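I opened a new page for this chain and kept the entries in the order I looked things up. Each entry takes up one topic.

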Amino acid sequence: MSFEEYAALARQLAEQRRAGERDAAVESERRRDLHAAVDSLHQRLTAQGHRLDQLGRAIGAERPAAAPPPAPEHPGPAPGTGNGGPAGAAGAPGRADVGAYPELPVGEARLALPTAVSPAGAGVPAQRAATVDPAVELELARRMADEADRHGQQAELLAQRPELLPTWSPLARAVAVYAGCGAAAGVLMLALVLASGVGLVDGFTLGAWICAGLPALAFFGGYLVLGRWGWPAMVAGTPPRYLPLGFLICFLLVPMAYCGYLLVFRTLR
């Protein structure tokens, strides 16, 4: 080998070495980026899990218990002799006590056996799984995490709304609830008036129910309804129930309804 050939070979080897070093540096940088992306995604998913736990506790849902792993299945006896021993195509030639497949633990037996058997008894190996690109898998996981964030935000918005009249303001909801309970008390008031007309209820009892009993029932009914269905699942502090406003509505609505009934009755009479 001449000196020129030796020098050309040395330059080629040096170039290959530098190329290998560059490839190794690129691969190392790629691995660092992948590890950093995995750590960031792990932290994000952990935070999502904590937030979902908070939402579940707020709405009273419990995390489902993990299902126990299935019990391993014990392989049955090999066909042939009928007494559980290997024989026929499953037996090794020349030895009756050695099977064609090596003995494996019970949990691995189903994975070790071939998926299909040819007529001659030879096992057909399963196809190898396709190579997985970590970058593609991370991108898919990141997209699913984005989708989970979007659904989590929607769940939080829904959890911040009460079941009763969710699109109404707290003041409008309280007015509607107290007014509805006052209207229900007005219906009971009409029943008492009719009962008083036939002599079942005296005048003092009717006046007591109209001035105090029915308004109090309407007020406490609205208070309980707001406390049960008027609070969102997730709220900071105690939502207002507007007690003075509810007291005023209920203790004015029922007597006003009675006065209106008297006015209409006398007008029609």
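**Entry 1: cysteine 181.** I noted at the start that this is a predicted model. I looked up cysteine 181 and found a relative accessibility of 17%, so this residue counts as buried, the cut-off being under 20%. I then asked how far its sulfur is from the closest cysteine sulfur. The partner to check is cysteine 250, and the two sulfurs are 6.4 Å apart. A disulfide needs the sulfurs within 2.5 Å, so this pair is too far apart for a bond.

**Entry 2: cysteine 211.** I went on to cysteine 211, which is in no disulfide either. Its nearest cysteine sulfur belongs to cysteine 259, and I wrote down a distance of 8.9 Å. Is cysteine 211 buried or exposed? It is exposed, with a relative accessible area of 53%. For the disulfide count I entered zero.

**Entry 3: the chain as a whole.** I stepped back to list the elements. I found six helices and two strands. Read along the sequence, they follow the pattern α-α-β-β-α-α-α-α, with the two strands coming after the second helix. The chain has 269 residues, and buried ones make up 17% of them. I also looked at contacts with a separation of 6 or more, and 65% of these join residues 24 or more positions apart.

**Entry 4: the largest nonpolar core.** Which residues touch the most other members of the largest nonpolar core? I got Tyr178, Met189, Leu206 and Leu214, out of 19 residues in this core. Three helices each supply at least two of its residues: H4 (170-197), H5 (203-229) and H6 (243-268). H4 gives the largest share, nine residues. I also recorded a second, separate core of five residues, including Leu34, Ala37, Leu41 and Leu138.

**Entry 5: tyrosine 178.** I listed what tyrosine 178 touches, leaving out residues up to four places away in sequence. Among its contacts are Phe219, Gly222, Tyr223 and Leu226. The list also includes Arg241, Tyr242, Leu243, Gly246, Ile249 and Cys250. I picked two of these, Leu243 and Tyr242, for the next entries.

**Entry 6: leucine 243.** Leucine 243 lies in helix H6. Its relative accessible area is 38%, so I filed leucine 243 as partly exposed. Not counting residues up to four places away in sequence, leucine 243 touches Tyr178, Phe219 and Tyr223. I also checked alanine 174, which is 69 residues from leucine 243 along the chain. The C-alpha atoms of these two residues are separated by 9.1 Å.

**Entry 7: two positive phi angles.** Tyrosine 242 is not a glycine, yet I read a positive phi of about 55° for it. Where is tyrosine 242 placed? It sits in the loop between H5 and H6. Tyrosine 242 has 27% relative accessibility and therefore counts as partly exposed. Leucine 165 is not a glycine either and has a positive phi of about 50°. I found leucine 165 in the loop between helix H3 (134-159) and H4. With a relative accessible area of 28%, leucine 165 is partly exposed.

**Entry 8: what the record says.** I looked up the UniProt entry, which is unreviewed. It places the feature "transmembrane region" at residues 175-194, 206-225 and 245-265. I checked two of these stretches in the model. Residues 206-225 are 100% helix and 0% strand, with the end C-alpha atoms 26 Å apart. Residues 245-265 are also 100% helix and 0% strand, and here the end C-alpha atoms are 30 Å apart.

**Entry 9: a pocket.** My last look was at the second largest pocket, which has a volume of about 170 Å³. I counted 13 lining residues. Which of them are closest to the centre? They are Pro170, Arg173, Gly230, Pro232 and Pro239. H4 gives the most to this lining, with three residues. H4 also supplies the largest share of the core in entry 4.

Methods: Residues numbered from 1 in each chain as written. Predicted model: local features only at pLDDT ≥ 70, side-chain atom pairs only at ≥ 80, totals over all residues. Heavy atoms only, no water. Buried < 20%, exposed > 50% of the residue type's maximum accessible area, 1.4 Å probe, protein only. Core = buried A, V, L, I, M, F, W, Y, C linked by side-chain atoms within 4.5 Å. Contact = heavy atoms within 4.5 Å. UniProt positions renumbered as here; feature names shortened; annotations may be inferred. 1 Å grid on protein atoms, 1.4 Å probe; cavity = no way out; pocket = protein on both sides within 12 Å on 5 of 7 lines; lining within 4 Å. Points joined across faces, edges and corners; volume = space filled by probe spheres on them.
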